[in-house]
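I opened the model to look up a few helix contacts, ring pairs and one loop residue. My entries follow in the order in which I took them.

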Amino acid sequence: MRNKITIVFDFDGTIADSLTLVTKIVTQLSSKYRLKNDHLELSDFQNLPAKEIIKLLGLKWWNLPLFIFEVKQKMNKDLNEVKLFDQIEETIQTLNNIDVELNIMSSNSKKNINSFLKQKNLSHYFSKIYTSSKLFKKDKSILKIKNAYPNSTLIYVGDEIRDIEACQKINIPIIAVSWGYNSYQALKKSTPNYLVKKPSEIIDIVKNHIDYDPKVN
């Protein structure tokens, strides 16, 4: 019997190459939130977990919900600037062709995600889009998805240290991708189940999770 597989993709930094846009928005908001980003380079952020980045920027924790809300709002206006990562469209198509259910889980807004997928003609590949405003409690959101698919093996695909930490808390296998917000070296230190450098590698990993009962002809 074929093992059912459900893949949950992170959105920003995994499917959507939104880092440049987010960096621009953070710069636009720096004065309002008194951020300390004048002498910081992109590499300063790519090797750090999200909590350390917030600390480095000097963003006050009580301002975080409003800050995230404003980033999402500004992203919606400039989604046309965001591109797909190379090979990600082909990877999504191939996973769909081998009958793997695809979902998205993100701290971005459902409106932004739906708009982007529609622009890129990818909406029909994804069964559901899950969103959460809780930046550091992603494990609870992923666990809810897992519980919704009791007869399926769930695999998460994400680009951040916090994705790895969330999956490790609830014993969900994660494929960490090195083309997003955190660097390959930073992700490796967090010991994900899998660490890939290009989207096509995801296909081989997923195929290895698809088992067949030898008793079934």
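**Helix α8.** This is a predicted model, and I began with the burial of helix α8, residues 161-169. I listed I161, R162, D163, I164, A166 and C167 as its buried residues. Next I asked which elements the buried residues of α8 pack against. I found three helices and two strands on the list: α3 (50-57), α7 (138-148) and α9 (184-189), with β6 (153-158) and β7 (174-177). After α8 I noted N171, which has a positive phi, near 60°.

**α5 against α10.** I then took helix α5 (residues 88-97) and helix α10 (residues 200-209), whose axes come within 8 Å. I read their crossing angle as roughly 20°. Angles under 35 degrees count as roughly parallel, and therefore I entered α5 and α10 as roughly parallel to each other. I logged the crossing of α5 and α10 as right-handed. On the α5 side I have T91, T94 and L95 making the contact; on the α10 side I have S200, I202, I203 and V206. How do the residues of this contact divide into nonpolar, polar and charged? I count four nonpolar and three polar, with no charged residue in the contact of α5 with α10.

**Ring pairs.** My search for aromatic pairs returned four. I wrote up two of them in detail.

For Y33 and F67 I have ring centres 5.2 Å apart and planes at 85°, so I classed the pair as edge-to-face. I placed Y33 in helix α1 (residues 19-33) and F67 in helix α4 (residues 64-77), so that the pair links distant parts of the chain, 34 residues apart. I marked Y33 as buried, and F67 likewise.

For F85 and W179 I have ring centres 6.4 Å apart and planes at 55°, so this pair went down as tilted. I located F85 in the loop between β3 (83-84) and α5, and W179 in the loop between β7 and α9. The pair therefore ties together parts that are 94 residues apart in sequence. Are F85 and W179 buried or exposed? I have both F85 and W179 as buried.

**N80.** Last, I looked up N80 and found this residue in the loop between α4 and β3. Its relative accessibility is 61%; the cut-off for exposed is over 50%, so I recorded N80 as exposed. I also noted Q119, which is 39 residues from N80 in sequence. In space I have N80 and Q119 at 8.2 Å, C-alpha to C-alpha.

Conventions
Residues are numbered from 1 along each chain as its sequence is written. This is a predicted model: local features need pLDDT of at least 70, side-chain atom pairs count only at pLDDT 80 or more; totals for chains, interfaces and linings use all residues. Side-chain values use heavy atoms; hydrogens and water are left out. Axes are lines fitted to C-alpha atoms, for helices over the stretch in contact, and angles run from 0 to 180 degrees between N-to-C directions. Helices (H or I, at least four residues) and strands (E, at least two) are DSSP runs, numbered from the N terminus. Angles under 35 degrees count as roughly parallel, over 145 as roughly antiparallel, 65 to 115 as roughly perpendicular and the rest as oblique. A crossing is left-handed if the near helix is turned anticlockwise from the far one by less than a right angle, and right-handed if clockwise. Contact means heavy atoms within 4.5 Å. Ala, Val, Leu, Ile, Met, Phe, Trp, Tyr, Cys and Pro count as nonpolar, Asp, Glu, Lys and Arg as charged, and the others, Gly among them, as polar. Buried means under 20% relative accessible area, exposed over 50%, partly exposed in between (1.4 Å probe, protein chains only). Rings of Phe, Tyr and Trp (its six-membered ring) pair if their centres lie within 6.5 Å; planes under 30 degrees apart count as stacked, over 60 as edge-to-face and the rest as tilted.
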